[in-house]
Amino acid sequence: MVKGEEILNNPFINKGTAFTEDERKTLGLVGMLPPNVQTLDEQVENVYDEYQHKSSDLDKRVYLMSIFNENRVLFYATFAKHVTEFMPVVYDPTIADSIENYSRLYVNPQNAAFLSIDHDDSETIRESLKNTAAGRNIKLIVVTDGEGILGIGDWGTQGIDIPVGKLMVYSAAAGIDPSEVLPVVMDVGTTNKSLLDNPLYLGNHQDRDYGQKYYDFVDKFVKEAEDLFPNLYLHFEDFGRANASNILDKYKDDYLVFNDDIQGTGIIVLAGVLGGLKISGEKMTDQKYLCFGAGTAGVGIAQRVCEEMVQAGLSEEDAKKHFYMVDKQGLLFDDMSDLTPGQKEFARSRSEFDNSEDLTDLLSIVKAVHPSIMVGTSTQHGAFTEDVIKEMAAHTERPIIMPISNPTKLAEATAPDLIKWTDGRALVATGVPSAPVEYNGVKYEIGQANNALVYPGIGLGAIAATATKLNDDMISAAAHSLGGIVDSKVPGAAILPPVDQLTEFSETVAIAVAQSAVDQGITREKISDVKSAVEDEKWYPVYPDLTNLNK
Ligand SMILES: NC(=O)c1ccc[n+]([C@@H]2O[C@H](COP(=O)([O-])OP(=O)(O)OC[C@H]3O[C@@H](n4cnc5c(N)ncnc54)[C@H](O)[C@@H]3O)[C@@H](O)[C@H]2O)c1
Ligand SMILES: O=C(O)C[C@H](O)C(=O)O
Ligand SMILES: [Mn+2]
């Protein structure tokens, strides 16, 4: 028997002022709410009205989170009505401010699971997951260890807002039932001195663990989560460069796991490249690709685009010749001793250049390479300077340029600058939302190259299909499904579809991914109709009748 007070404090069933007279009587809510029974639409109007009274984006976010904490249906109904406006507030870039100030802003654990390396025995991990799931049927976990939050670095336990935020986008974009998700943070210490020095920091005040103990902790978590929730889709987010790909490689053949920074970002950037090539009419195999910032995302994207060149008919060896990786050292060469395994795959030979010793800054590299595609994942604000862009644009008719480091303060360039410096020739997408750019009488729509445009659909598709793993074919299907949506005929067309169509194309991606799993025969259940399997999996923010909740 669930009683009034408990109901009002349970965000998965609370309706607040929308409880009907009948529900108020049968659920013990009489006298606990103001008398006017509101509709969901009226509540949404109230929330949006109050939202507009908040002066900063962070205040807006804090307010929306208070609604999220109280009433999930109301939160998602409001989000659905204002997707384009809410995305940068609920998610990136404002989420970065909320993470940096998490300990100070803390009011509610938001149904997240907090795991600590100081209590890393399987029993405690299991108990923590069970307590937070509270009997709910968990199908989707987003987990972080807080080390590589966006481009803002190590935020320890405060990184939990990233799983919470990513999951909000899953529900808003793809209709993943918010009662079937669990955000998880694994606190393994932090390298962030400002947190360690702050007595009010809510995480462990200790150095980050990089040893075997860390990998054992991750392993115990994966095993317990998979055992407790047998239909789980496990999404890894913002792990550090030294661990992210190791963890993905370790589990991807045995479980349904996904790394957003590697795979999600690879898909969205490839979709952007395909959209750009559709507009320019050029061939994939004619492109020269420059990655600026060859970390987790940079390498993940290069691998995805390289795979596409292989599918277009090149041998792997020939495909790799189209790639130039740039990191702190400059252009990466195969004689360097400090390369990551991913960087090694794409490193060049010095003998290809007569001035290889000089190729340590982006301008010299662009001069030597003449890339046709340049993607920024370096966290270096303003690194795509006017000189660099003009040099690139001097050797290619329609340069594809994506500065996608997040949040805004870390982006390599802005859309208006890129359009202006290339006299409107650049095909641009940015990591955070950008307003359209007016230039010489043309309105340039700017696509958002953010994994948020694809990961919700991929998750929905894999879950709906009861896929047993997420493989390359499913990932490739996701990227291709999105490129086709772009209308390449309109002058100034974006290379990726607009965010206001997020729900529509999440469904498109979901169907493509689910179809691929079904075609490959890697589903637990037999799926005869992919479209209806996806539709059946979707949750919508409407109130169910709760009159009989206790009967
Ligand atoms: N838009 C998206 O969907 C998306 C997805 C994932 C990551 N990102 C962004 O990409 C950035 C990188 O994320 P990550 O997870 O790959 O981090 P990472 O730490 O793994 O990679 C960053 C890389 O940039 C390199 N770098 C640092 N300074 C540099 C410099 N001066 N010149 C060249 N390279 C330099 C680092 O050495 C590292 O290899 C972040 O800002 C993140 O927000 C965006
Ligand atoms: O979270 C985002 O906005 C995208 C991406 O996953 C990132 O790490 O920057
Ligand atoms: Mn990320």
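How many nonpolar, polar and charged residues does the shell around ligand 1 have? In this predicted model, that shell has 6 nonpolar, 14 polar and 4 charged residues. The shell comprises 24 residues. Arg241, Thr296, Ala297, Asp327 and Asn451 come nearest to ligand 1. Two helices contribute repeatedly: helix H14 (260–280) and helix H15 (296–311) each supply at least two residues of this shell.

Several contacts to ligand 1 run through the protein backbone. A polar backbone atom of Thr296 lies 2.8 Å from an oxygen atom of ligand 1. For Ala297, a backbone N or O atom is likewise 2.8 Å from a ligand 1 oxygen. A backbone N or O atom of Asn406 is 3.0 Å from an oxygen atom of ligand 1. On its own, ligand 1 has 840 Å² of accessible area, and the protein covers 87% of it. Ligand 1 takes up space in the largest pocket.

Ligand 2 also occupies the largest pocket. The residues around ligand 2 are Tyr91, Asp92, Leu150, Lys166, Glu237, Asp238, Asp260, Asp261, Asn406, Asn450 and Asn451. By class, 2 are nonpolar, 3 polar and 6 charged.

Side chains make polar contacts with ligand 2. An N or O atom in the side chain of Asp92 lies 2.5 Å from an oxygen atom of ligand 2. The side chain of Lys166 places a polar atom 2.9 Å from a ligand 2 oxygen. For Asn450, a side-chain N or O atom is 2.9 Å from an oxygen atom of ligand 2. Taken alone, ligand 2 exposes 260 Å², of which the protein buries 91%.

Database annotation points to residues in this pocket. An unreviewed UniProt entry gives the annotation "binding site" to Asn406 and Asn450. These residues span 45 positions in sequence, yet their C-alpha atoms are no more than 9.2 Å apart, so they gather at one spot. Asn406 and Asn450 both belong to the lining of the largest pocket. Asn406 is placed in the loop between strand E10 (400–403) and helix H20 (415–421).

A further "binding site" annotation from UniProt (unreviewed entry) lists Glu237, Asp238 and Asp261. These residues are spread over 25 residues of sequence but cluster in space, with a largest C-alpha distance of 6.7 Å. The lining of the largest pocket includes Glu237, Asp238 and Asp261. Asp238 sits in the loop between strand E4 (233–236) and helix H13 (244–251).

Technical notes
Residues are numbered from 1 along each chain as its sequence is written. Chains are lettered from A and ligands numbered from 1 in the order in which they are written. This is a predicted model: local features need pLDDT of at least 70, side-chain atom pairs count only at pLDDT 80 or more; totals for chains, interfaces and linings use all residues. Side-chain values use heavy atoms; hydrogens and water are left out. A residue is near a molecule or strand if one of its heavy atoms lies within 4 Å of it. A polar contact is a pair of N or O atoms within 3.5 Å; within protein, one must be able to donate a hydrogen and the other to accept it, and residues adjacent in sequence count only if both atoms are side-chain atoms. Accessible areas come from the Shrake-Rupley method with a 1.4 Å probe; for residues, only the protein chains shown count as cover. On a 1 Å grid over the protein atoms alone, a cavity is a set of points where a 1.4 Å probe fits but cannot get out, and a pocket is an open set with protein on both sides within 12 Å along at least five of seven lines; lining residues have an atom within 4 Å of a point. A molecule sits in a cavity or pocket if more than half of its atoms lie within 2 Å of its grid points. Ala, Val, Leu, Ile, Met, Phe, Trp, Tyr, Cys and Pro count as nonpolar, Asp, Glu, Lys and Arg as charged, and the others, Gly among them, as polar. UniProt positions are given in the numbering used here, feature names are shortened, and annotations may be inferred rather than shown by experiment. Helices (H or I, at least four residues) and strands (E, at least two) are DSSP runs, numbered from the N terminus.
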